[in-house]
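User: I have a chain open here and would like to talk through some of its features with you. Could we start with the backbone and then move on to the packing?

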Amino acid sequence: EVCAPLSDEIKRLIPENKFNIIYAGTFGKTNALEYLVKAASLLKDNTDIHFILVGKGMEENNLRELAKNLKLNNISFIPPVSKSQVQEILKLCKVCYIGWKNEKLYKYGISANKIFDYMYSGKPILHSYSGEADIIKQANCGITVEAENSVAIAEAILKLYNMKEEQRNMLGRNGKEYVLKYHTYEKITDKFEEIFNMF
């Protein structure tokens with residue numbers, strides 16, 4: 001992985017010495033980010049915990065509006081960073097978040113490159129998901145809660161926040177080991193070569 005440094009203006013947008021929860025990606029309807037914003041509202045009295053949403057998309061204005069109406073000062077919206085900077089921004093955070101809508105569509109599991117980026121970062125993952133085949137559970141690299149449930153998201157954040165650091169590190173390590181074992185490009189290429197060499 002090629003990693004590019006973050007600009008100072010991006011770094012300045014990320015609070016230091018806070019328990020930063022990050023989402024990095026598209027702000028779309030399927031990402032169900034309003035539930036993360038509502039979880040931020042439930043946790044706004046804990047000044048240690050901060051939420052960082054990195055990216056852009058159709059839902060950005062709605063999410064900013066929601067955060068404003070809820071009078072949240074524990075949330076930062078940051079413009080998208082390049083693929084090569086994703087790992088650098090994840091390093092400044094404690095927990096990576098990904099959520100989905102509670103829809104039949106996910107009955108057979110999901111495919112999100114973002115999850116592999118998160119795993120590679122060695123940070124624990126909070127997964128708000130109600131479908132089958134949950135890779136976070138398979139890899140034991142974080143906590144999965146019901147989709148579209150802000151209370152469950154907030155409770156899981158507190159659980160991660162109250163965990164000993166070595167426990168969080170262990171979850172993060174599990175994710176990194178899993179992704180290196182099963183999902184790096186070399187591994188996938190090897191699989192293809194194996195298949196084609198059979199013919």
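User: Where is Asn17 found?

Analyst: This is a predicted model, and in it Asn17 sits in the loop between α1 (8-12) and β1.

User: What is its phi, and is Asn17 buried or exposed?

Analyst: Phi of Asn17 is positive, about 55°, although the residue is not a glycine. Most residues other than glycine have a negative phi. As for the surface, Asn17 has a relative accessible area of 79%, and it therefore counts as exposed.

User: And what about phi of Glu148?

Analyst: Glu148, also a residue other than glycine, has a positive phi near 60°. Glu148 belongs to the loop between β6 and α7, and with a relative accessibility of 31% it is classed as partly exposed.

User: Switching to the interior, which residues touch the most other members of the largest nonpolar core?

Analyst: That core has 61 residues, and those touching the most other members are Phe51, Leu53, Ile89, Met119, Leu126 and Ile153. Helix α7 (residues 150-162) supplies the largest share of this core, with six residues. In soluble globular proteins, nonpolar side chains tend to be buried together.

User: Take Ile89, then: what does it touch?

Analyst: Not counting residues up to four places away in sequence, Ile89 touches Leu6, Ile10, Ile14, Ile22, Val54, Ile78 and Val81.

User: What about helix α8, and how does its span compare with what 18 residues should give?

Analyst: Helix α8 covers residues 165-182, and at 1.5 Å a residue its 18 residues should span 26 Å; the end C-alpha atoms are 26 Å apart, so the two values agree.

User: Which residues of α8 are buried, and where do they lie around the axis?

Analyst: The buried residues in α8 are Arg168, Leu171, Gly172, Gly175, Tyr178 and Val179. They cover an arc of only 120° around the axis, so they lie on the same side of α8. On the other side of the helix, Glu166, Glu177 and Lys181 are exposed.

User: What do the buried ones pack against?

Analyst: The buried residues of α8 pack against two strands, β1 (19-26) and β6 (142-145), and against the helices α5 (113-120), α6 (135-139) and α7.

User: New topic: how many disulfides are there?

Analyst: The count comes to zero disulfides. For Cys93, the closest cysteine sulfur is that of Cys96, 7.1 Å away, which is too far for a bond when the cut-off is 2.5 Å. Cys93 has a relative accessibility of 2% and therefore counts as buried, whereas Cys3, at 37%, counts as partly exposed.

User: Could we look at two more loops; where does Lys94 lie, and what is it in contact with?

Analyst: Lys94 lies in the loop between α4 (86-91) and β4 (95-99), and its relative accessible area of 30% makes it partly exposed. Leaving aside neighbours within four places in sequence, Lys94 is in contact with Lys18, Phe19, Asn20, Lys123, Pro124 and Glu165. The C-alpha atoms of Lys94 and His50 are separated by 9.9 Å, with the two residues 44 residues apart along the chain.

User: And Asn46, what does its side chain reach?

Analyst: The side chain of Asn46 reaches the backbone nitrogen of Asp48 at 2.9 Å. Asn46 is located in the loop between α2 (34-42) and β2 (49-56), and, neighbours within four places in sequence aside, Asn46 is in contact with Leu158 and Tyr161.

How values were computed. Residues are numbered from 1 along each chain as its sequence is written. This is a predicted model: local features need pLDDT of at least 70, side-chain atom pairs count only at pLDDT 80 or more; totals for chains, interfaces and linings use all residues. Side-chain values use heavy atoms; hydrogens and water are left out. A nonpolar core is a set of buried Ala, Val, Leu, Ile, Met, Phe, Trp, Tyr and Cys residues joined through side-chain atoms within 4.5 Å. Buried means under 20% relative accessible area, exposed over 50%, partly exposed in between (1.4 Å probe, protein chains only). Helices (H or I, at least four residues) and strands (E, at least two) are DSSP runs, numbered from the N terminus. Contact means heavy atoms within 4.5 Å. The expected span of a helix is 1.5 Å times one less than its number of residues. The arc is that of the directions from the helix axis to the C-beta atoms. A polar contact is a pair of N or O atoms within 3.5 Å; within protein, one must be able to donate a hydrogen and the other to accept it, and residues adjacent in sequence count only if both atoms are side-chain atoms.
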